[in-house]
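Visitor: I would like a close look at a single part of this structure, explained slowly enough for someone in a first year of study. Please choose one strand and work outwards from there.

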Amino acid sequence: MEIAVVDYKGGNVQSVLFALERLGASATLTADPEALRRADKVLFPGEGEASSAMQALREAGLDHVLPTLTQPFLGICLGMQLLGQHSEENDTPLLGLLPFTVQRFAPDSTHKVPHMGWNNLLALQGPLFAGLTEADHVYFVHSYYAPVGAYTTAQSAHPAPFSAAVQHRNFHGVQFHTEKSGTVGTRVLANFLAL
Amino acid sequence: MVKKRLIPCLDVRDGRTVKGIQFEGLRDAGDPVALAARYALEGADELVFLDITATNQRRKPLTELVRDVARVLDIPFTVGGGIGTVADVEALLLSGADKVSINSAALARPEFIADLARRFGSQCIVVAVDARLVENEWQVMTRAGTQPTGRQAVEWCRMAADLGAGELLLTSMSHDGTKSGFALELTRAVSDAVYVPVIASGGAGQPSDFTAVFQAGGADAALAASIFHFNETALPALKQYLHEAGIAVRL
């Protein structure tokens with residue numbers, strides 16, 4: 001199986017590569033459109049700020065390539081958010097694959113922003129969450145979120161529910177860090193590789 | 001809801017943990033990678049590696065250790081100690097660190113916090129604050145706690161958060177090593193003053209200290225070293241205790 005990790009200088013790709021390695025899978029870090037089209041699975045990690053990530057994607061010529069991919073695709077953290085229409089973070093247009101607008105959490109004294117740490121998953125649906133339950137926790141770190149919609153395949157809450165995972169056709173996204181969520185995250189990653 | 005985090009801290013010098021470690025079954029007790037894996041297995045929510053060689057002399061390649069840790073560890077970890085440039089941060093993040101913790105460099109040049117947040121995102125920038133109680137005022141210390149800065153702790157924490165810190169690691173030097181409990185009033189004052197998560201550090205001695213720092217102190221996470229290293233309070237038992245005390249933890 002060929003696994004491609006999208007290389008656009010926009011995230012902590014090393015952790016994702018190591019997580020794949022722990023699963024016995026080897027992956028290629030690439031920005032080459034042909035290599036991405038050829039791969040059996042594509043992972044799209046992201047961290048940092050939305051407009052610079054979109055800028056990096058445009059510079060790598062990937063903003064038009066990613067939406068045309070047809071194999072199972074997994075956006076992680078910011079990589080999930082970029083699948084939406086628009087982000088409130090610096091008023092940024094996104095890839096437009098899913099119909100959500102990324103919004104900022106409103107902090108209060110007990111709900112800090114970033115939403116950082118382990119939170120449990122709710123209303124799990126679909127193959128990525130096979131074998132998991134609402135008692136399972138995953139690691140989040142983000143200040144912006146995708147609201148819950150028809151595309152939501154898992155929720156979490158801070159304090160209001162938000163999309164912990166989304167899906168449209170072959171495009172999957174998880175707001176949490178599969179690569180940093182212990183055995184639960186490893187299971188989600190393994191479930192994705194098994195799609 | 002997001003859970004309160006327990007974070008063991010490992011002091012590292014020249015690639016080895018330096019505090020005495022008494023875990024059974026660890027042949028090489030000074031190996032940070034083995035210790036990290038052990039803590040992850042026991043339920044640590046994150047780990048912090050503090051390079052205590054770093055501030056005064058040029059480090060051995062800390063990036064190599066970070067790589068080795070990232071290869072085996074499936075929970076987040078932070079690296080701190082002697083970080084002074086954007087290039088330092090970039091090297092650590094590229095090696096697989098999830099967050100970096102900065103201290104003296106931020107005090108010397110507060111705009112460093114903003115530079116890092118812009119470049120790498122607030123989510124990976126932890127500002128560590130060492131505070132000491134002097135004449136009823138919490139003062140911020142620098143250079144591994146050796147020099148006063150003239151800054152007041154709550155004010156500095158607020159400024160660091162405004163500049164783009166994603167998290168604060170607040171250590172009470174007046175409590176550190178005493179095992180008499182965390183600095184509850186200081187932690188509460190900082191937690192109420194900022195909207196970013198606060199990790200409380202210094203003074204952990206027994207399980208009830210953690211209950212107090214999460215409830216009265218309002219901390220989002222608690223960091224400790226010796227209480228975990230010497231296996232006085234094992235992580236699984238501590239988490240169970242906190243759960244029974246009504247604290248939301250990841251079991």
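**A strand of chain B and its surroundings**

Guide: In this predicted model, three bridges join strand β4 (residues 77-80) of chain B to strand β5 of chain B, and the two strands run parallel. One of the residues of β4(B), Gly80(B), has Ser101(B) in β5(B) as its bridge partner. On the connection between the two strands, β4(B), helix α3 (residues 86-95) of chain B and β5(B) together make a β-α-β unit, and this unit is right-handed.

Strand β5(B) itself covers residues 99-102, and it is joined by three bridges to strand β6 (residues 125-134) of chain B, again with the strands running parallel. Ser101(B), already met as the partner of Gly80(B), stands opposite Val126(B) in β6(B). In a regular strand the side chains alternate between the two faces of the sheet. For β5(B), Lys99(B) and Ser101(B) belong to one side, while Val100(B) and Ile102(B) belong to the other, and since these four residues are all buried, both faces of the strand are covered.

From here we can move to two other strands of chain B, each seen through one residue. Phe49(B) has its place in strand β3 (residues 47-51) of chain B, and this residue is buried because 24 other C-beta atoms lie within 10 Å, where 20 or more are needed. Among residues further than four places away in sequence, Phe49(B) touches Leu10(B), Val12(B), Pro32(B), Phe77(B) and Val79(B). Phe77(B) and Val79(B), two of these contacts, fall within the range of β4(B), residues 77-80, which brings us back to the strand with which we began. Phe49(B) and Asp11(B) are 38 residues apart in sequence, and yet their C-alpha atoms are 6.0 Å apart in space.

The second residue is Ala200(B), which is placed in strand β10 (residues 198-201) of chain B. Ala200(B) counts as buried because there are 34 C-beta neighbours inside 10 Å. Leaving aside residues up to four places away in sequence, Ala200(B) touches Leu170(B), Phe182(B), Thr187(B), Val213(B), Gly217(B), Ala219(B) and Ala222(B). From C-alpha to C-alpha, Ala200(B) is 20 Å from Met1(B), a residue 199 places away in sequence.

Thr187(B), one of the contacts of Ala200(B), falls within helix α7 (residues 184-193) of chain B, a helix that packs against helix α6 (residues 153-163) of chain B at an angle of about 35°, with the two axes 9 Å apart. The crossing in which α6(B) passes α7(B) is right-handed. On the α6(B) side the residues that meet the partner helix are Ala153(B), Val154(B), Cys157(B) and Arg158(B), and on the α7(B) side they are Leu186(B), Ala189(B), Val190(B) and Ala193(B). Sorted by class, this contact holds seven nonpolar residues, one charged residue and no polar ones.

A loop of chain B also deserves a careful look. Most residues other than glycine have a negative phi, and most peptide bonds are trans. Arg143(B) has a positive phi, near 55°, although this residue is not glycine. Arg143(B) lies in the loop between β7 (137-142) and β8 (147-152) of chain B, and with 15 other C-beta atoms within 10 Å this residue is partly exposed.

Chain A offers something to set beside that loop. Asn90(A), likewise a residue other than glycine, has a positive phi near 50°, and Asn90(A) lies in the loop between β5 (86-87) and β6 of chain A. Asn90(A) counts as exposed because there are 10 C-beta neighbours inside 10 Å. Chain A also has a cis peptide bond between Val113(A) and Pro114(A), with omega about 10°, and Pro114(A) is found in the loop between β7 and β8 of chain A.

Finally, the two chains meet one another, with 30 residues of chain A in contact with 27 residues of chain B. On the chain A side, the elements that give two or more residues are α1 (13-22), β8 (115-120), β9 (137-142) and α5 (182-193). By class, that side of chain A has 11 nonpolar, 14 polar and five charged residues.

Notes: Residues are numbered from 1 along each chain as its sequence is written. Chains are lettered from A and ligands numbered from 1 in the order in which they are written. This is a predicted model: local features need pLDDT of at least 70, side-chain atom pairs count only at pLDDT 80 or more; totals for chains, interfaces and linings use all residues. Axes are lines fitted to C-alpha atoms, for helices over the stretch in contact, and angles run from 0 to 180 degrees between N-to-C directions. A crossing is left-handed if the near helix is turned anticlockwise from the far one by less than a right angle, and right-handed if clockwise. Two residues are in contact if their C-beta atoms, placed from the backbone, lie within 7 Å. Ala, Val, Leu, Ile, Met, Phe, Trp, Tyr, Cys and Pro count as nonpolar, Asp, Glu, Lys and Arg as charged, and the others, Gly among them, as polar. A residue is buried if 20 or more other C-beta atoms lie within 10 Å of its own, exposed if 12 or fewer, and partly exposed in between; C-beta atoms are placed from the backbone. Two strands pair if DSSP finds at least two bridges between them. A crossover is right-handed if, with the strands pointing away from the viewer, the path from the first strand over the helix to the second runs clockwise.
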